[in-house]
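Work through these exercises with the model open beside you. Try each task before you read its solution.

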Amino acid sequence: MPMERTFSIIKPDATARNLTGAINAMIEQAGLRIVAQKRVRITKDQAEAFYAVHKERPFFRELVDFMVSGPVVVQVLQGDNAILRYRDIMGATDPAKAAAGTIRKSHAKSIGENSVHGSDAPETAVKEIAQFFSENEIVG
Ligand code: GDP
């Protein structure tokens, strides 16, 4: 298993409900290490750039508005096979379809307000991490 890094966001619905610690506990209990973390408000430009792949989707505007609606916690997670493992820990995009014990099953409000983001592939992880962190902010 390769040692990997993935990019995570604890989204505004979760920070609003004071769930940062509960979600971090689930991440750490699953064996991933939080090697960088900061609480920020992202700008509309940042949200649009981050989700550019979805810009033709009907929910794009709603998604951008949601992501700028409150603080988020951006993170870098490290561990064996971290990208796929974090996708498993997060659960399906729609919490109604997420497996028991996943972050989204436990905490997400809806398919849009679904508490967490995690990179979907090695190339996107590198790109997303670089959007929010410089290398000297990541301490493994
Ligand atoms: P993810 O990789 O599991 O986060 O899912 P996607 O890459 O397919 O979608 C990105 C994000 O867009 C999701 O996490 C949701 O926040 C949002 N999203 C996806 N589908 C819908 C939808 O049908 N409605 C709304 N409002 N948001 C959606």
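**Exercise 1. Find the loop that holds Asn18, then say whether Asn18 is buried or exposed.**

Solution.
- Step 1. This is a predicted model. Look between helix H1 (12-16) and helix H2 (20-29): Asn18 lies in the loop there.
- Step 2. Check its surface. The relative accessible area of Asn18 is 72%. The cut-off for exposed is over 50%, so Asn18 is exposed.
- Step 3. Check the backbone. Phi of Asn18 is near 60 degrees. That is a positive value in a residue other than glycine.

**Exercise 2. Do the same for Asn81: give its place, its phi and its burial.**

Solution.
- Step 1. Asn81 sits in the loop between strand E3 (72-80) and helix H5 (82-90).
- Step 2. Phi of Asn81 is near 55 degrees, again a positive value in a residue other than glycine.
- Step 3. The relative accessibility of Asn81 is 18%. Buried means under 20%, so Asn81 counts as buried.

**Exercise 3. Trace the ring cluster that contains Phe7.**

Solution.
- Step 1. Start with the count. The structure holds four aromatic pairs.
- Step 2. Take Phe7 and Phe50. Their ring centres are 5.7 Å apart, with 55 degrees between the planes. This pair is tilted.
- Step 3. Ask what the pair joins. Phe7 belongs to strand E1 (residues 3-10) and Phe50 to helix H3 (residues 44-50), so the pair ties together parts that are 43 residues apart in sequence.
- Step 4. Move on to Phe50 and Tyr51. Here the centres are 5.0 Å apart and the planes stand at 90 degrees. The pair is edge-to-face.
- Step 5. Check burial. Phe7 is buried, at 0% relative accessible area. Phe50 is buried at 9%. Tyr51 counts as buried at 7%.
- Step 6. Put the cluster together. Ring pairs link Phe7, Phe50, Tyr51 and Phe132.

**Exercise 4. Starting from Phe132, work out how far away Gln37 is in sequence and in space.**

Solution.
- Step 1. Locate Gln37. Its place is in strand E2 (residues 33-40).
- Step 2. Compare the two distances. Gln37 and Phe132 are 95 residues apart in sequence. From C-alpha to C-alpha, they are 9.8 Å apart in space.
- Step 3. Check the surface of Gln37. Its relative accessibility is 41%. Partly exposed runs between 20% and 50%, so Gln37 counts as partly exposed.

**Exercise 5. Describe the surroundings of the ligand and its contacts with Lys11, Gly112 and Asn114.**

Solution.
- Step 1. Find the site. The ligand takes up the space of the largest pocket.
- Step 2. List some neighbours. Residues surrounding the ligand include Tyr51, His54, Phe59, Arg87 and Arg104. Tyr51 also belongs to the ring cluster of Exercise 3.
- Step 3. Take the side chains. An N or O atom in the side chain of Lys11 is 3.0 Å from a ligand oxygen atom. For the side chain of Asn114, the distance to a ligand oxygen atom is 2.9 Å.
- Step 4. Take the backbone. A backbone N or O atom of Gly112 lies 2.9 Å from an oxygen atom of the ligand.
- Step 5. Finish with cover. On its own, the ligand has 550 Å² of accessible area. The protein covers 81% of that.

How values were computed: Residues are numbered from 1 along each chain as its sequence is written. This is a predicted model: local features need pLDDT of at least 70, side-chain atom pairs count only at pLDDT 80 or more; totals for chains, interfaces and linings use all residues. Side-chain values use heavy atoms; hydrogens and water are left out. Rings of Phe, Tyr and Trp (its six-membered ring) pair if their centres lie within 6.5 Å; planes under 30 degrees apart count as stacked, over 60 as edge-to-face and the rest as tilted. Helices (H or I, at least four residues) and strands (E, at least two) are DSSP runs, numbered from the N terminus. Buried means under 20% relative accessible area, exposed over 50%, partly exposed in between (1.4 Å probe, protein chains only). A residue is near a molecule or strand if one of its heavy atoms lies within 4 Å of it. A polar contact is a pair of N or O atoms within 3.5 Å; within protein, one must be able to donate a hydrogen and the other to accept it, and residues adjacent in sequence count only if both atoms are side-chain atoms. Accessible areas come from the Shrake-Rupley method with a 1.4 Å probe; for residues, only the protein chains shown count as cover. On a 1 Å grid over the protein atoms alone, a cavity is a set of points where a 1.4 Å probe fits but cannot get out, and a pocket is an open set with protein on both sides within 12 Å along at least five of seven lines; lining residues have an atom within 4 Å of a point. A molecule sits in a cavity or pocket if more than half of its atoms lie within 2 Å of its grid points.
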